[in-house]
Amino acid sequence: ETRYLKEKKEITMCVDPNWMPYEMIEDGKYIGIGSDYVNLFSKKLNVHFRLIETKTWEESKEFAKKRMCDILPVSGYGSGRAGYLDITTPYLRDSYVIATKLNTSFISSLDSIKDKTISMRRGHSMISVLTKEYPSIKIVEADNIDEGLKKVADGEVFGFIDAVTVVNYHIQDLYWGELKVAGRFSRKYELGVATRNDEPLLSSIMQKVTESINKNEHKIINNKWSTFDKNIDNTDYEMLRNILFVLLSILLFYLYREYMLKKSNKLLKKKIDEALEENIKYMQTLQEQSKMVAMGEMVGAIAHQWRQPLNELSIRIQNLKYNYADEKVDEKFIEDFIDKNKTTISFMSNTIDDFRNFFHIEKQKKPFSIKVAIDETISVLSALFKNNGIVIVVSGKDFEIIGFKNEFQQVILNLLNNSMDALIENSIENPKIKIHIHDYVISIEDN
């Protein structure tokens, strides 16, 4: 086997070009869960894996049949592939689910949909199984996942069946608040490495390398992609919209209150020089515009901060049906369920408190810590920076100053937002912002 790899020099592979998060071809590069496993295979075998680009999964299988590529790294157990491919024991396992519109009731089994019209990816290994076991189910094949989900959204079919990891990824990306996972089936989705059957040594090698993957290596890859294993629920989406509406109403109230206070103050300044009055009015206008921009950005920051905990609450509520169906709901389960949700709600409440304190109107100067003020500003924006992959590093020695803490924080907020906009616009790799405090000087730089 070692001699075989040395003589072969590289292993060619064909993949599904549009099957995220499992695999995808993007700008000529192989990405996704399968890509991470292939990198692990390459490291263990000390051999290069070269991608042969295709446009569809059907084309990839045809290339494998014509021996134009050696392996399909993420392949199901379709009966049609037995004539030209061997396949390893599965190294990836997933559950089959069905995606439907939001008003669909819970689906407990395939028997519940045996008279329905279902969409699946063209060439999916499960199509032949369903056709045989449930001949009354009408299956409409789609060229890709997005097309299949669109058929559900447009009412052309009742639902779309695929692995839960794949369905959740695409619902979250394109159909938030429109589609949901309505049922999880007992049948498991098993994936292995399919190899050309005219080179049995290759099959033996890939079998051994998949068996050599330990639990920690599986865990590292699964944790990287586990953020996509979420159920989407319209109730939470509506809740988010309602919360943002309330926040906007609060902001408008504060703006109106500030406007009325300043209007009253202007009436008391009749004796001020006309030129000075015009200058002050001009400066106040600039300040108002700056605050409105900052507040608008803060609404976006709050939305990002709340999106994850809202999603967590949604998942727990929806999974409660499955746990109840599996008879897992007991007193300890209920206590854990309450504790987890109370923790999530507490985090959301603290976020609102941070937001309120950030825009509290200060009337007199007070001593405050520069580092604490900067850390609080970063905390409010943390979700936005995390979402865009931007790292912020704060260093140096802290000091205190007497002044208006909130106005100082708004300056820092504007500088950080400007940096974030520039990093995103210029597509900077490994974006980073450095804040250094030293000898009463604060320097901010980005790459």
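Q: If buried means under 20% relative accessible area, exposed over 50% and partly exposed in between (1.4 Å probe, protein chains only), is Tyr440 buried or exposed?
A: This is a predicted model, in which local features need pLDDT of at least 70 and side-chain atom pairs pLDDT 80 or more, while totals for chains, interfaces and linings use all residues. Residues are numbered from 1 along each chain as its sequence is written, and side-chain values use heavy atoms, leaving out hydrogens and water. With a relative accessible area of 64%, Tyr440 falls in the class called exposed.

Q: What percentage of the chain's residues is buried?
A: The chain contains 13 helices and 17 strands (DSSP runs numbered from the N terminus, H or I of at least four residues for helices and E of at least two for strands). Of its 447 residues, the share that counts as buried is 44%.

Q: What percentage of the contacts with a separation of 6 or more joins residues 24 or more positions apart?
A: A contact here means heavy atoms within 4.5 Å. When the contacts in the chain with a separation of 6 or more are taken together, the part that comes from residues 24 or more positions apart is 76%.

Q: Which strand gives the largest share of the largest nonpolar core?
A: A nonpolar core is a set of buried Ala, Val, Leu, Ile, Met, Phe, Trp, Tyr and Cys residues joined through side-chain atoms within 4.5 Å. The largest one in this model has 66 residues, and Phe41, Phe49, Ile113 and Ile161 are those with the most contacts inside it. Its largest share is a group of seven residues, which comes from residues 179-196, that is, from strand β12.

Q: How many residues are in the second, separate core?
A: Returning to Phe41 in the largest core, and setting aside residues up to four places away in sequence, we find that Phe41 touches Phe49, Tyr91, Val193, Met206, Val209, Thr210 and Ile213. Separate from that core is a second one, with Ile374, Leu384, Ile390 and Leu413 among its members, and its residue count is 19.

Q: Which residue joins Tyr37 and Phe41 in one aromatic cluster?
A: Rings of Phe, Tyr and Trp (its six-membered ring) pair if their centres lie within 6.5 Å, and planes under 30 degrees apart count as stacked, over 60 as edge-to-face and the rest as tilted. By this rule the model has seven aromatic pairs. One aromatic cluster takes in Tyr37 and Phe41, together with Tyr91.

Q: How many residues apart in sequence are the parts that the pair of Phe399 and Tyr440 ties together?
A: Among the seven aromatic pairs, that of Phe399 and Tyr440 is tilted, with 4.5 Å centre to centre and 50° between the planes. Phe399 counts as buried because its relative accessibility is 10%, whereas Tyr440 is exposed. Phe399 lies in the loop between β14 (391-396) and β15 (400-403), and Tyr440 in the loop between β16 (432-438) and β17 (441-446), so the number of residues separating the parts that the pair ties together is 41.

Q: How far apart in space, C-alpha to C-alpha, are Ile378 and Leu416?
A: Ile378 is placed in helix α12 (residues 370-387), and it counts as buried because its relative accessibility is 15%. Leaving aside neighbours within four places in sequence, Ile378 is in contact with Ile392, Val394, Leu416 and Ile435. Although Ile378 and Leu416 are 38 residues apart in sequence, their C-alpha to C-alpha distance is 8.5 Å.
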